[in-house]
Amino acid sequence: MSIDKIVSLCKRRGFVFQSSEIYGGFGAIYDYGPLGITLKNNISQLWWRDMTQLHENIVGLDSGILMHPKIWEASGHVGAFNDPLVDCKECKSRYRADDLVEKDNKNTEWIKIQCPKCGTTGKLTEPRQFNLMFKTNIGPVEDDSNIAFLRPETAQGIYVNYLLTQNALRLKVPFGIAQIGKAFRNEIVARNFIFRTREFEQMEMQYFVKPGEDDKSLNEWKQKRISFYDQLGLNSSKLRFHEHGKNELAHYAKEAWDIEFEFPFGWSEIEGIHNRTDFDLVQHEKFSGKKMEVFDQQKNERFLPYIIETSAGLNRILLAVLSDAYWEDKDNDRLVMKFHPKIAPVTAVVCPLVKKDGLPEIGRKVMDLLKPHFITIYDQQGSIGKRYYRQDEAGTPFGITIDHQTGEDNSVTLRHRDNQQQDRVDIDQLVKAINDSMENY
């Protein structure tokens with residue numbers, strides 16, 4: 001399966017649209033349609049519940065997109081958040097230098113590398129460093145005194161608020177702070193649909209532990225995070241860990257692991273689990289002049305915690321879910337999005353068999369019964385088979401048909417998306433039947 005099929009389905013069914021399409025599109029920015037935003041919200045809400053509701057020592061935060069520019073100096077983003085950039089003098093195309101070297105590794109001399117677009121050799125500029133942060137200005141005057149940046153990651157907002165959070169809620173180490181929010185990176189070459197974009201959403205949890213307990217905590221969070229993807233229904237054979245080698249480690253990391261998913265374009269990262277040591281807190285202490293230590297009352301000592309980071313890309317996880325769910329059911333000539341019912345953007349569709357004989361009225365009553373419990377839609381256009389197949393493409397796990405027997409015995413047909421099995425269910429047992437099917441999926 002190619003990524004182009006996912007892109008086509010997303011546009012056709014209202015999952016993802018190219019931003020500003022009527023103006024020719026806007027590079028590497030995407031809008032999430034009715035089904036896409038619901039699916040994305042369902043994933044993020046499941047993550048939020050897993051972090052802040054099921055863990056007594058993890059709390060939430062929502063920090064600002066714009067923060068003091070000194071924060072990005074302290075974190076190293078101003079000085080080190082760069083990619084090597086090259087341009088083709090012939091066709092004016094722009095590339096990441098490391099991508100070209102990787103594709104054309106038979107050449108060791110830079111001048112011999114061929115431009116992938118126009119095919120010329122010897123026309124590429126020397127690599128130069130390009131900072132990935134978006135700059136803006138605060139206030140009415142644009143000068144160097146009021147420069148700010150759109151945050152390239154959400155983690156720093158947690159670090160600068162961690163003591164305020166700890167003191168407000170009287171938290172004891174170990175404890176975690178979770179956050180879901182937008183981040184922005186001026187990628188040189190954005191690619192693979194919503195996998196690498198200039199505006200994206202992160203789900204991060206920073207876990208503060210005593211030095212010496214960091215290795216154990218990292219291993220625990222590796223297992224917790226990989227098990228989270230079972231709840232999304234992802235195929236476990238398409239998930240794996242990748243350990244960063246010494247030459248891959250970020251400047252702040254003692255140890256780092258990626259959770260990778262096998263996309264149509266290959267294995268790529270959807271989440272990172274990192275041991276950041278006390279690097280960030282040391283830096284913020286140095287640049288702000290404020291003490292960043294916690295106080296242990298029992299031992300009467302102050303110390304800087306180590307930080308275990310779990311950082312997941314919501315857009316990337318969404319793409320993984322879309323890729324894994326895509327199924328061409330050739331035996332029945334239909335396209336199915338096999339979302340886990342707990343995250344499907346629509347749980348059930350209610351379909352009166354015909355538009356007469358009181359069936360639409362019964363259908364509306366069934367809608368009123370289901371809406372408080374599930375995202376439910378009503379559809380009475382076209383044949384019942386076409387209606388079901390439309391919803392199969394949208395990933396709706398349950399179809400409910402109101403037919404003439406309904407008026408006789410108050411029962412409906414409950415159709416299951418994946419195997420098209422149909423059960424007869426009493427209307428007053430419908431909510432329970434759907435819940436049971438979801439739990440046993």
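**Exercise 1.** Find which residues make the nonpolar surface patch of about 240 Å² in this predicted model, and place isoleucine 65 in the chain.

*Solution.* Step 1: the patch of about 240 Å² is built from Ile65, Leu66 and Ile138. Step 2: isoleucine 65 sits in the loop between β3 (58–60) and α3 (69–75). Step 3: partly exposed residues fall between the cut-offs of 20% and 50% relative accessible area, so isoleucine 65, at 32%, counts as partly exposed.

**Exercise 2.** Name the residues of the negative surface patch and decide whether glutamate 408 is buried or exposed.

*Solution.* Step 1: Glu408, Asp409, Asp426 and Asp428 form the negative patch. Step 2: glutamate 408 belongs to helix α13, which covers residues 404–409. Step 3: exposed means over 50% relative accessible area; glutamate 408 has 69% and is therefore exposed.

**Exercise 3.** Locate serine 311, classify serine 311 as buried or exposed, and state which side chain its own side chain contacts.

*Solution.* Step 1: strand β16 (residues 306–313) contains serine 311. Step 2: buried means under 20% relative accessible area, so serine 311, at 12%, counts as buried. Step 3: the side chain of serine 311 has a polar contact of 2.6 Å with the side chain of glutamate 204.

**Exercise 4.** Describe the setting of aspartate 329 and give the separation of its C-alpha atom from that of serine 44.

*Solution.* Step 1: aspartate 329 is in strand β17 (residues 326–329). Step 2: its relative accessibility is 5%, so aspartate 329 counts as buried. Step 3: aspartate 329 and serine 44 are 285 residues apart along the chain, and 29 Å separates their C-alpha atoms.

Notes. Residues are numbered from 1 along each chain as its sequence is written. This is a predicted model: local features need pLDDT of at least 70, side-chain atom pairs count only at pLDDT 80 or more; totals for chains, interfaces and linings use all residues. Side-chain values use heavy atoms; hydrogens and water are left out. Patches are made of residues with over 30% relative accessible area and no salt bridge: like charges are joined within 9 Å, nonpolar side chains (Val, Leu, Ile, Met, Phe, Trp, Tyr) within 5 Å. Accessible areas come from the Shrake-Rupley method with a 1.4 Å probe; for residues, only the protein chains shown count as cover. A salt bridge is a side-chain nitrogen of Lys or Arg within 4 Å of a carboxyl oxygen of Asp or Glu. Lys and Arg count as positive and Asp and Glu as negative; His and the chain ends are not counted. The place of a charge is taken as NZ of Lys, CZ of Arg, CG of Asp or CD of Glu. Helices (H or I, at least four residues) and strands (E, at least two) are DSSP runs, numbered from the N terminus. Buried means under 20% relative accessible area, exposed over 50%, partly exposed in between (1.4 Å probe, protein chains only). A polar contact is a pair of N or O atoms within 3.5 Å; within protein, one must be able to donate a hydrogen and the other to accept it, and residues adjacent in sequence count only if both atoms are side-chain atoms.
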